[in-house]
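Student: Could you take me through one part of this fold up close? Pick a spot you like, start there, and work inwards to whatever it leads to.

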Amino acid sequence: MRTLQFTFPAASRAARRAHVGVVGSGDLEILFEPTGAAGSATVRVRTSVEGFDQVWQATLQRFFARVPLEGSWELNDAAATPALVTLRLQQAAQAAGGGATLSAPTGTREAS
């Protein structure tokens, strides 16, 4: 099992703890706890997948740029895709009362 540690700037506070997802094939569990560490979000990722450090960094940077929620984030990964990681992060932020809204990607599609 590999452990990655990240810290991101954060400005929003959560109302409560949150637990979303499960540790299972292709899924991800997230445990979130508000902390007194003002101005930062600390993230610990436990994963069995090697070689995706940069993908984790990029995925988490994109999320915290949109949802800068202070607290301690613990992610237990079972080979989840970046899209599922983002979905679970949004669910955890919303469950914690952090104001994240779940929305579909925007864009236009031309009819053929």
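**From a loop into the core**

Tutor: Let's start at Asp27, which sits in the loop between strand 2 and strand 3. Bear in mind that this is a predicted model. Despite being an acidic residue in a loop, Asp27 has a relative accessible area of 15%, so it counts as buried, the limit being under 20%. What does its side chain pair up with? The side chain of Arg88 joins that of Asp27 in a polar contact of 3.1 Å. Setting aside residues up to four places away in sequence, Asp27 also touches Val22, Asp77, Ala78, Ala79, Ala80 and Leu84, along with Arg88 itself.

One of those neighbours, Asp77, takes us over to Thr47, because Thr47 is in contact with Asp77 too, as well as with Met1, Arg2 and Trp56, again leaving aside neighbours within four places in sequence. Thr47 belongs to strand 4, and with a relative accessible area of 1% it is buried as well. Its side chain has a polar atom 3.1 Å from the backbone nitrogen of Val49. Thr47 and Asn76 are 29 residues apart in sequence, yet their C-alpha atoms are 6.3 Å apart.

Now for the sheet around these strands. It's an open sheet of five strands with mixed pairing, in the order 1-4-5-3-2. Strand 1 (2-9) and strand 2 (18-20) are the edges, each pairing on one side only, and from one strand to the next the twist averages 10°. Strand 4 (residues 40-47) runs parallel to strand 5, with six bridges between them; Arg44, for instance, has Glu74 in strand 5 as its bridge partner. Helix 1 (residues 53-66) lies across strand 1, strand 3, strand 4 and strand 5, at about 30° to strand 1.

And what fills the inside? The largest nonpolar core has 28 residues, and those touching the most other members are Val43, Trp56, Leu60, Trp73 and Leu75. Two or more residues each come from strand 1, strand 2, strand 3, strand 4, helix 1, strand 5 and helix 2 (82-95), with helix 2 giving the most, at five. Take Leu75: beyond four places in sequence, its contacts include Val43, Trp56 and Leu60, plus Ile30, Val85 and Leu89. Polar residues join in too, among them Glu29, Arg44 and Arg46.

Trp73 brings us to the aromatics. With ring centres within 6.5 Å as the rule, there are six aromatic pairs. Phe32 and Trp73 make a tilted one, 4.6 Å centre to centre with 55° between the planes. Phe32 is in strand 3 (residues 28-33) and Trp73 in strand 5 (residues 71-77), so this pair ties together parts 41 residues apart in sequence. Phe32, at 3% relative accessibility, is buried, and Trp73, at 1%, is buried too. Trp73 also pairs with Phe64: the ring centres are 5.4 Å apart and the planes are at 85°, which makes this pair edge-to-face. Phe64 is buried just as Trp73 is. Zoom out a little and Phe32, Phe64 and Trp73 turn out to share one aromatic cluster with Phe6, Phe8 and Phe63.

Key:
Residues numbered from 1 in each chain as written. Predicted model: local features only at pLDDT ≥ 70, side-chain atom pairs only at ≥ 80, totals over all residues. Heavy atoms only, no water. Phe/Tyr/Trp six-rings, centres within 6.5 Å; stacked < 30°, edge-to-face > 60°. Helix = DSSP H or I, 4+ residues; strand = E, 2+ residues; numbered from the N terminus. Buried < 20%, exposed > 50% of the residue type's maximum accessible area, 1.4 Å probe, protein only. Pairing = 2+ DSSP bridges. Axes fitted to C-alpha atoms, helices over the stretch in contact; angles between N-to-C directions. Contact = heavy atoms within 4.5 Å. Core = buried A, V, L, I, M, F, W, Y, C linked by side-chain atoms within 4.5 Å. Polar contact = N/O pair within 3.5 Å; in protein donor to acceptor, adjacent residues only side chain to side chain.
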